[in-house]
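Here's a quick walk through a model, meant to be read with the structure open beside you. We begin with how far to trust it and then move on to the packing.

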Amino acid sequence: MATVDSLKSLLVEQVKDLYDAEKRLTKAIPKLAKASANEELISALQEHLGETQNQVARLEQVFELLEERPKAKPCEAMKGLIAEGDEHAKEDYEYDDLRDAMIIGSAQRVEHYEIAGYGTAIAHARLLELDDVVRLLEETLAEEKAADEKLTEIAESVVNIEAAAGDEEEEETEAATPRRGRQAASGSRTTAADRGRQTARASGGSRRSRR
Ligand SMILES: [Fe+2]
């Protein structure tokens, strides 16, 4: 392994790590999207998959600017985050919304890790006055932040509310109603206030359904 002997080589190491992380994500995100039920979550993940593919290409441009060959250095942290996400997605949940809430949690952990990684790399590139590198990395950082915010929005406006409502409903009606027959109902967006318990059930409360 090459010795890290300068801030420039430190930056190159970080770019190799980010390159590996992004490449892994191009394979991991489709799996999370497949395991998700909420339509908004699925489309947010699919949209971020497209961005992630661009981010891989952007890092290749960074390698070029740094006069290095694109090379991935196994990112153990991202491996771990992806493994945890896969594991959570496979678990059994009473409601799809609970799985979706868990998937959002896993995806946000990934985003936060990337935000930290790009933030550090940008700081170092800035110290090295590598303006073009800074600009490319900042484009990606902005996408990661936007993806994170979008996930928060989905969690707050749809998934977590429905999951919480499901818990209360469970206590109130304990096995009173057959629970199935959902057709991706959570894709239609209503607020907790305008969605009464009955309405939620009538529109298919997203219980135990598998896509
Ligand atoms: Fe990314």
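## Where to be careful

Over residues 177–211 the pLDDT (the predictor's confidence in each residue, from 0 to 100) stays under 50, and the model has 47 contacts there beyond four places in sequence. Two residues are in contact if their C-beta atoms, placed from the backbone, lie within 7 Å. Where pLDDT is low, the predicted coordinates should not be read in detail. This is a predicted model, in which local features need pLDDT of at least 70 and side-chain atom pairs count only at pLDDT 80 or more, while totals for chains, interfaces and linings use all residues. Residues are numbered from 1 along each chain as its sequence is written.

The chain as a whole averages a pLDDT of 83, and 75% of the residues score at least 70. Confidence bottoms out in helix 6 (residues 197–202), with a mean of 36, and peaks in helix 2, at 98.

## The overall layout

What does the secondary structure of the chain come to? It's 6 helices and 0 strands, so named because helices (H or I, at least four residues) and strands (E, at least two) are DSSP runs, numbered from the N terminus. From the N terminus on, the elements run α-α-α-α-α-α.

Of the 211 residues in the chain, 35% are buried. The cut-offs go by other C-beta atoms within 10 Å of a residue's own: 20 or more is buried, 12 or fewer is exposed, and in between is partly exposed, with C-beta atoms placed from the backbone. Among contacts between residues at least 6 apart in sequence, 79% join residues at least 24 apart.

## Helix 2 and its end

Helix 2 covers residues 39–65, and its 27 residues should span 39 Å at 1.5 Å a residue; the end C-alpha atoms are 39 Å apart, which agrees. (The expected span is 1.5 Å times one less than the number of residues.) Its buried residues are Glu40, Leu41, Ile42, Ala44, Leu45, His48, Thr52, Gln55, Leu59 and Val62. As background, an α-helix has 3.6 residues a turn, so residues three or four places apart point the same way.

Just after helix 2, glutamate 67 takes a positive phi of about 55°. Glutamate 67 sits in the loop between helix 2 and helix 3, and it is exposed, with 8 other C-beta atoms within 10 Å. Another glutamate to look at is glutamate 129, whose phi is near 55°, a positive value in a residue other than glycine. Glutamate 129 lies in the loop between helix 4 and helix 5 (131–173) and is exposed, with 8 other C-beta atoms within 10 Å.

## Helix 1 and its partners

Axes here are lines fitted to C-alpha atoms, for helices over the stretch in contact, and angles run from 0 to 180 degrees between N-to-C directions.

| Helix pair | Axes come within | Crossing angle |
|---|---|---|
| Helix 1 (residues 7–35) and helix 2 | 9 Å | roughly 160° |
| Helix 1 and helix 4 (residues 96–127) | 10 Å | roughly 160° |

The axes of helix 1 and helix 2 cross at roughly 160°, which makes helix 1 roughly antiparallel to helix 2. Angles under 35 degrees count as roughly parallel, over 145 as roughly antiparallel, 65 to 115 as roughly perpendicular and the rest as oblique. Helix 1 and helix 4 are roughly antiparallel to each other too.

How about handedness? Helix 1 and helix 2 cross left-handed, and helix 1 passes helix 4 in a left-handed crossing. A crossing is left-handed if the near helix is turned anticlockwise from the far one by less than a right angle, and right-handed if clockwise.

On the helix 2 side, the helix 1 residues involved include Tyr19, Thr26 and Ile29, and those they meet in helix 2 include Leu45, Leu49 and Val56. Towards helix 4, the helix 1 residues include Leu7, Gln14 and Ala21, and the helix 4 set includes Ile103, Ala107 and Tyr118.

## Two residues to click on

Alanine 72 is in the loop between helix 2 and helix 3 (76–90). Its 17 C-beta neighbours inside 10 Å make alanine 72 partly exposed. Alanine 72 and alanine 21 are 51 residues apart in sequence, yet 8.3 Å apart in space, C-alpha to C-alpha. Beyond four places in sequence, alanine 72 is in contact with Lys16, Tyr19, Asp20 and Lys23.

Tyrosine 113 belongs to helix 4 and is partly exposed, with 17 other C-beta atoms within 10 Å. Tyrosine 113 and alanine 21 are 92 residues apart in sequence and 9.8 Å apart in space, C-alpha to C-alpha. Leaving aside neighbours within four places in sequence, tyrosine 113 is in contact with Ala77, Met78 and Leu81.
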